[in-house]
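Visitor: I should like to examine this structure through a series of specific questions. Please show the sequence and the coordinates before we begin.

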Amino acid sequence: MRVWNLNTGEQVGEFPTRDLDSVSEVVTTVVDGSHKVVTGSGDGSVRTWDLATRQPSGTFKVHRNSYDDITSMAAAEVDGQSYVLISTIEDEGAPGLWDLRTGRRTGGLYATGWPGSTSRVLTVNTSVIDNRPIAITSCEDGTVQVWDLTTMCPVSRLVTAPVGRVLAAGTVVLDGRPLVVTGGKDTTVRLWDLATGEQVGEPLTGHTADVNAVATTTMNGRPCAVTGSQDRTVRVWDLTNGAQAEPELPFPFGVYTVAVTSDGRLMVGFGKEVAVLAPRRPNAQR
């Protein structure tokens with residue numbers, strides 16, 4: 001793992017991970033006021049690292065007696081405490097919530113007895129809606145479910161049966177209405193009402209291959225979604241009208257992840273590279 005200065009594009013350090021099993025998941029969070037990096041490895045180990053010193057500050061195993069791949073991971077703050085939500089192959093559709101200070105599991109999403117999916121979880125995302133922490137899980141069978149992390153109870157299940165497998169999800173508030181934005185194997189981007197699970201409006205079309213990544217942001221005061229696809233493009237959508245906000249951005253390889261920084265820069269992971277793009281000036285030529 002390496003640390004990069006986004007202003008200069010230069011590497012400013014790295015973590016001593018060479019002797020560890022493959023690092024499959026990386027998230028950042030704050031634990032007791034200290035900035036941390038949390039990693040998940042192929043052997044089921046989770047480690048926290050101090051971002052300033054690049055040194056390890058804790059480790060735990062998600063399953064003590066097995067070699068268990070971590071498939072997805074997301075950080076969350078619940079009642080003022082720092083947690084990480086972890087899905088593994090052995091969990092069989094039951095992501096666990098782990099306390100980063102103690103390294104102990106404090107609950108699981110499907111432990112409530114709600115008839116959720118038991119197929120493997122592909123992605124786990126966390127967000128905050130109406131001041132409550134939520135989780136969004138997407139599974140191999142195409143189901144997408146929303147959970148309240150304070151109560152560990154379900155909020156809704158998205159009615160995704162006609163859509164197929166969902167590969168990425170994010171949240172946004174549009175006209176005071178909390179929505180989930182998804183991208184999937186059917187090449188579309190869709191909006192869903194978080195409370196009812198029903199689709200909102202028509203699908204956003206333009207990608208020609210799997211939509212692997214979704215990030216939400218605000219551009220020029222308007223809520224937008226940024227999506228990355230196997231078709232080697234990144235597209236920005238104006239969610240108020242469902243149209244592309246600007247021309248698509250081409251890349252030489254498929255796009256697997258996108259993120260928007262606090263100052264509006266766009267980070268794109270494509271192939272084995274990462275690009276950092278500055279916000280386009282209004283009325284600028286392509």
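**Loops, strands and ring pairs**

Guide: In this predicted model, Asp79 has a relative accessible area of 66% and is therefore exposed.

Visitor: Where does Asp79 lie with respect to the strands?
Guide: Strand β7 covers residues 70–78, and strand β8 covers residues 81–88. Val78 has Gln81 as its bridge partner in β8. Asp79 is placed in the loop between β7 and β8.

Visitor: What is the sign of phi at Asp79?
Guide: Most residues other than glycine have a negative phi. Asp79 is not a glycine, yet its phi, about 55°, is positive.

Visitor: What is the C-alpha separation between Asp79 and Thr150?
Guide: Asp79 and Thr150 are 71 residues apart along the chain. The distance between their C-alpha atoms is 7.3 Å.

Visitor: Which strands stand at the edges of the open sheet?
Guide: The sheet has four strands in the order β7-β8-β9-β10, with antiparallel pairing. Two strands have a single partner each, so one side of each is left without a neighbour in the sheet. These edge strands are β7 (70–78) and β10 (104–108).

Visitor: How many bridges join β7 to β8?
Guide: The strands β7 and β8 run antiparallel. One bridge pairs Val78 with Gln81 in β8. The number of bridges joining β7 to β8 is eight.

Visitor: Is Asn131 buried or exposed?
Guide: Asn131 is found in the loop between β11 (121–129) and β12 (132–139), and it has a positive phi of about 65° although it is not a glycine. The cut-off for exposure is a relative accessible area over 50%. At 78% relative accessibility, Asn131 therefore counts as exposed.

Visitor: Which backbone nitrogen lies 3.0 Å from a polar atom of the side chain of Asp50?
Guide: Asp50 is part of strand β5 (residues 45–50), and its relative accessibility of 17% means that it counts as buried. Beyond its neighbours within four places in sequence, Asp50 is in contact with several residues, including Phe15, His35 and Gln55. The backbone nitrogen at 3.0 Å from the Asp50 side chain belongs to Thr53.

Visitor: How is the pair of rings of Phe15 and Trp49 classed?
Guide: Three aromatic pairs are found in the whole structure. For Phe15 and Trp49, the ring centres are 5.6 Å apart and the planes lie at 75°. Planes over 60 degrees apart count as edge-to-face, so the Phe15 and Trp49 pair is edge-to-face.

Visitor: How many residues apart in sequence are the parts that this pair ties together?
Guide: Both rings belong to buried residues, with relative accessible areas of 4% for Phe15 and 2% for Trp49. Phe15 lies in the loop between β2 (11–14) and β3 (23–31), and Trp49 in strand β5. The parts tied together are therefore 34 residues apart.

Visitor: How is the pair of rings of Phe251 and Phe270 classed?
Guide: The ring centres of Phe251 and Phe270 are 5.0 Å apart. Their planes lie at 50°, so the pair is tilted.

Visitor: Which of Cys153 and Cys224 is buried?
Guide: Buried means under 20% relative accessible area. Cys153, at 34%, is partly exposed. With a relative accessible area of 2%, the buried residue is Cys224.

Visitor: How many disulfides does a search of the whole structure find?
Guide: A disulfide requires a pair of cysteine sulfur atoms within 2.5 Å. Over the whole structure, the number of disulfides found is zero.

Technical notes:
Residues numbered from 1 in each chain as written. Predicted model: local features only at pLDDT ≥ 70, side-chain atom pairs only at ≥ 80, totals over all residues. Heavy atoms only, no water. Buried < 20%, exposed > 50% of the residue type's maximum accessible area, 1.4 Å probe, protein only. Pairing = 2+ DSSP bridges. Polar contact = N/O pair within 3.5 Å; in protein donor to acceptor, adjacent residues only side chain to side chain. Contact = heavy atoms within 4.5 Å. Phe/Tyr/Trp six-rings, centres within 6.5 Å; stacked < 30°, edge-to-face > 60°.
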